[in-house]
Amino acid sequence: MRYTLSLSCADRVGIVAKVANFLAERDGFIVESAQYGDPSTSRFFMRTVFTTKDDHPLDLKAWKEAFKETAGLFEMDWKLKSNLEKTKILILVSKASHCLNTLLNQYATGTLNVDVAAVGSNHLDLEDMCKFYKIPFHYLPITQATKPLQESKIFELFQSYDADLLVLARYMQILSPELTQKLQGKAINIHHSFLPSFKGAKPYHQAYERGVKLIGATAHYVSDDLDEGPIIEQEVLRVDHNETPEELVASGRDIESVVLARAVKYHVEDRVFLDGRKTVVFK
């Protein structure tokens, strides 16, 4: 069994040594470690994966209590968990199925270490897909007048399922600042990388008309600023004049699915650290 210790704190001398000594004193065997000190923010980030002598399971409660002394010395924000712990996620969708299908397929095959608590949508189009994967589906219709009530239902679902992460898998509604503030660092969105150049409807058609040579997608944490939250993952694909708008759309869907799944994977494996308006990601 493996365990992951992730932490961040103000950068100073001795952090790595203290953590390594803590693990060594308890027969912790480090199998993966990454660290980074950001000179622009003076923050330090570290992610360490370790096993134990003879692979005996840890008393996590006791280990967490013991680590508090080391964490206190550096005023760390930290987390210690086993690789058996699954992150519980709530997914929001609209009509597009590609991102949801990728996430549910990876969940069903064990590729993604999550527990999909439920799927919520402002349309009924993807209810059958959720039934196929045996995932609870919640219909959450919305109008401009009912937006506050609908968002309160979303947050109630998030809390009732004791979810750790909200995933917007091509959910075509803008979350209010009130909701994004409640979910800071706990909500991931996906969008095409044409923003802000190609806003509004049919971005791939706009891109085609401008003769773009690259298309792509960006996964980021949701923030008050539309599509400007801290970026987790991006991908691009080279295209040319031979491709129709429909072919660009198809390629874009593939990229969006892959990028969102990667971002969720990095998050649930504690590889992502918020660093002001940006992120540190240990891949």
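When I speak of a polar contact this morning, I mean a pair of N or O atoms within 3.5 Å, where, within protein, one of the two must be able to donate a hydrogen and the other to accept it. With that in hand, and bearing in mind throughout that what you see is a predicted model, let me begin with a single residue, K81, whose side chain makes a polar contact with the side chain of D270 at 3.4 Å. K81 belongs to strand β4, which covers residues 77–82, and if we set aside its neighbours within four places in sequence, K81 is in contact with Y3, T4, T87, V268 and D270. Is K81 buried or exposed? Its relative accessible area is 11%, and because buried means under 20%, K81 counts as buried.

From K81 we can widen the view to the sheet that holds β4, an open sheet of four strands in the order β2-β3-β1-β4, with antiparallel pairing. The strands at the edges are β2, residues 28–38, and β4, and each of these pairs on one side only. Direction ignored, neighbouring strands here are turned by 10° against each other on average. The partner of β4 that I would point to is β1, residues 3–10, since the two pair in the antiparallel sense over six bridges, and in that pairing Y3 stands opposite S82 of β4. Helix α1, residues 15–25, packs on this sheet, where it touches β1, β2 and β3, the last of these being residues 43–52, and the direction of α1 makes about 15° with that of β3.

A second helix, α2, residues 60–74, lies across β1, β3 and β4, and it runs at about 160° to β4. This helix has 15 residues and reaches 21 Å from its first C-alpha to its last, which is close to the 21 Å expected at 1.5 Å a residue, although α2 also bends by about 35° at K68. Which residues of α2 are buried? They are L60, W63, F67, T70, A71 and F74, and what covers them includes β1, α1, β3 and β4. Just after the helix, E75 takes a positive phi of about 50°.

Let me now turn to the other sheet, which is open as well and has seven strands in the order β7-β6-β5-β8-β9-β10-β11, with mixed pairing. At its edges stand β7, residues 137–139, and β11, residues 231–238, and each has a single partner strand, so one side of each is left without a neighbour in the sheet. The twist from one strand to the next averages 20°. Towards the β11 edge, β10, residues 214–221, pairs with β11 in the antiparallel sense over seven bridges, and the bridge partner of G216 in β11 is V236.

Helices pack here too. Helix α8, residues 245–268, touches β5, β6, β8, β9, β10 and β11 as it packs on the sheet, and its direction makes about 150° with that of β11. Helix α5, residues 147–160, lies across β5, β7 and β8, and runs at about 160° to β5.

I will finish with a small element further along the chain, where β12, residues 272–275, and β13, residues 278–281, pair in the antiparallel sense over four bridges. Here F273 stands opposite V280 of β13. These two strands form a hairpin with two residues between them, and in the turn G276 has a positive phi of about 70°.

Methods: Residues numbered from 1 in each chain as written. Predicted model: local features only at pLDDT ≥ 70, side-chain atom pairs only at ≥ 80, totals over all residues. Heavy atoms only, no water. Buried < 20%, exposed > 50% of the residue type's maximum accessible area, 1.4 Å probe, protein only. Contact = heavy atoms within 4.5 Å. Pairing = 2+ DSSP bridges. Axes fitted to C-alpha atoms, helices over the stretch in contact; angles between N-to-C directions. Expected span 1.5 Å × (residues − 1). Bend = angle between axes of the 7 residues up to and from the residue.
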